[in-house]
Amino acid sequence: MREVIKVTDVGRNEPCPCGSGNKFKRCCMGKQENTNRGTGPAEVMDALGNALEKQEFNSLEEAQSFVAQLTQQQNQRSIDDFQGLSPEQIHWMLNQPFDSPSLVRFPEVLDTQPTAPILQLFNLLTETIGEQGLKPTAKGNLPRNFCREAALTYWGEQEYQRRTRFSGINREDDFYDLHITRILAELAGLIRKYKGKFILSRECRQLLAKGGLAAVYPRLFRAHVEEFNWAYRSGIDELRFIQHAWPFTLYMLRRHGDTWHPAEFYEGAFLKAFPSIMDEFPPNPVVSPERSVRLTYTIQALHDFAGFLGLATVEPTSDDIFNREYRVRALPLLEKAVQFQV
């Protein structure tokens with residue numbers, strides 16, 4: 001007996017049968033077609049129908065079991081566009097990276113003291129807060145003098161003069177790297193306001209005593225990928241999937257980052273894996289959806305994430321601030337903080 005099997009028999013939170021790596025509810029559920037990977041529900045059902053033609057079943061349950069096995073095989077095959085990962089691996093990597101130790105592990109304390117731009121600023125912040133705390137401005141931000149001193153230390157005299165020749169640092173968000181560091185430290189529960197002052201949390205003191213920055217870094221990392229909105233820093237229209245796909249970005253850096261590559265290399269690989277992301281941009285007569293995705297990806301995923309967290313070096317290769325190009329290379333901290341098992 002041949003039963004009719006519907007795509008809706010797939011669970012909402014299971015990997016989509018089309019092989020996109022996304023959850024079914026975020027992909028093909030309720031859609032007539034799917035542009036990602038060129039295998040929407042119609043194509044999936046045609047493939048299942050062909051496989052079912054020569055099969056005979058004694059019950060609907062037996063037929064559904066057969067379809068489940070086919071779907072599992074579909075989602076476990078290696079895909080070149082996914083950098084050799086399977087749709088199932090992509091599904092778990094994107095949706096539950098911190099709960100998928102067979103794919104990737106995140107040490108709670110690194111085995112060496114890390115270095116990264118964010119850690120340099122976090123050090124300056126915690127040293128200034130110290131035991132006595134640091135009084136914020138009336139708007140609740142870091143005081144101006146500290147921001148100026150931190151910028152001078154972080155950039156150096158020559159770079160400080162260059163960056164402030166037209167406009168000085170008069171408030172916290174004039175030194176945006178420090179502003180983001182303070183936000184992330186609060187999101188990670190490492191600093192907080194108490195009785196009118198910034199203070200180090202008890203947990204922060206315990207972590208610093210336990211392992212120094214090697215114990216603090218994983219907290220800042222997780223706050224950056226889970227709590228912080230990347231669009232806030234970049235000032236570019238929010239495109240949440242780029243942030244959602246941060247494990248895939250780091251996986252690409254692990255695979256290819258031992259040598260320099262232009263940012264376009266990673267942009268292209270990302271678009272090849274997730275082409276439907278371009279559908280999220282409305283038509284624009286000036287900038288194409290592809291160009292918009294490429295620009296957003298390089299700024300948010302490579303420069304502001306991997307670069308700022310010390311996972312990669314992201315260097316400009318041109319001086320054109322309106323069309324800046326970059327080259328990218330992974331740093332040793334990547335393998336220490338994010339340990340891929342595939």
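Two residues are taken to be in contact when heavy atoms of theirs lie within 4.5 Å. With that in mind, this predicted model can be entered at Ser-86, a residue of the loop that runs between α2 (60-76) and α3 (87-95). Leaving aside residues up to four places away in sequence, Ser-86 touches Asn-75, Gln-76, Arg-77 and Ser-78. Its relative accessibility is 5%, and because the cut-off for a buried residue is under 20% relative accessible area, Ser-86 counts as buried.

The loop between α2 and α3 also holds Gln-83, which is buried as well, with a relative accessible area of 10%. The backbone of Gln-83 deserves a look, since its phi is near 60 degrees, a positive value in a residue other than glycine. Most residues other than glycine have a negative phi.

A positive phi is found again in the hairpin of β2 and β3, where 2 residues stand between the strands and Lys-195 takes a value near 50 degrees. Is Lys-195, in the loop between β2 and β3, buried or exposed? With a relative accessibility of 71%, Lys-195 counts as exposed, whereas Gln-83 in the loop between α2 and α3 is buried. The strands on either side of this turn, β2 (residues 191-194) and β3 (residues 197-200), run antiparallel and are joined by 4 bridges. Within this pairing, Arg-192 stands opposite Ile-199 of β3.

Strand β3 leads on to helix α8 (residues 202-211), whose buried residues pack against β3, and also against α4 (117-129) and α9 (213-226). In α8, the residues Cys-204, Leu-207 and Gly-211 are buried. Viewed down the axis of α8, the buried residues fall within an arc of 70 degrees, so they line one face of the helix. This spacing can be read against the regular geometry of an α-helix, which has 3.6 residues a turn, so that residues three or four places apart point the same way. Arg-202, Gln-206 and Ala-209, by contrast, are exposed on the other side of α8.

After α8 comes Gly-212, with a positive phi near 65 degrees. Unlike Gln-83 and Lys-195, which have positive phi values as residues other than glycine, this residue is a glycine. The path traced here thus runs from the buried Ser-86, through the exposed Lys-195 of the hairpin, to a helix with buried residues along one face and exposed residues on the other side.

Methods. Residues are numbered from 1 along each chain as its sequence is written. This is a predicted model: local features need pLDDT of at least 70, side-chain atom pairs count only at pLDDT 80 or more; totals for chains, interfaces and linings use all residues. Side-chain values use heavy atoms; hydrogens and water are left out. Two strands pair if DSSP finds at least two bridges between them. Buried means under 20% relative accessible area, exposed over 50%, partly exposed in between (1.4 Å probe, protein chains only). The arc is that of the directions from the helix axis to the C-beta atoms.
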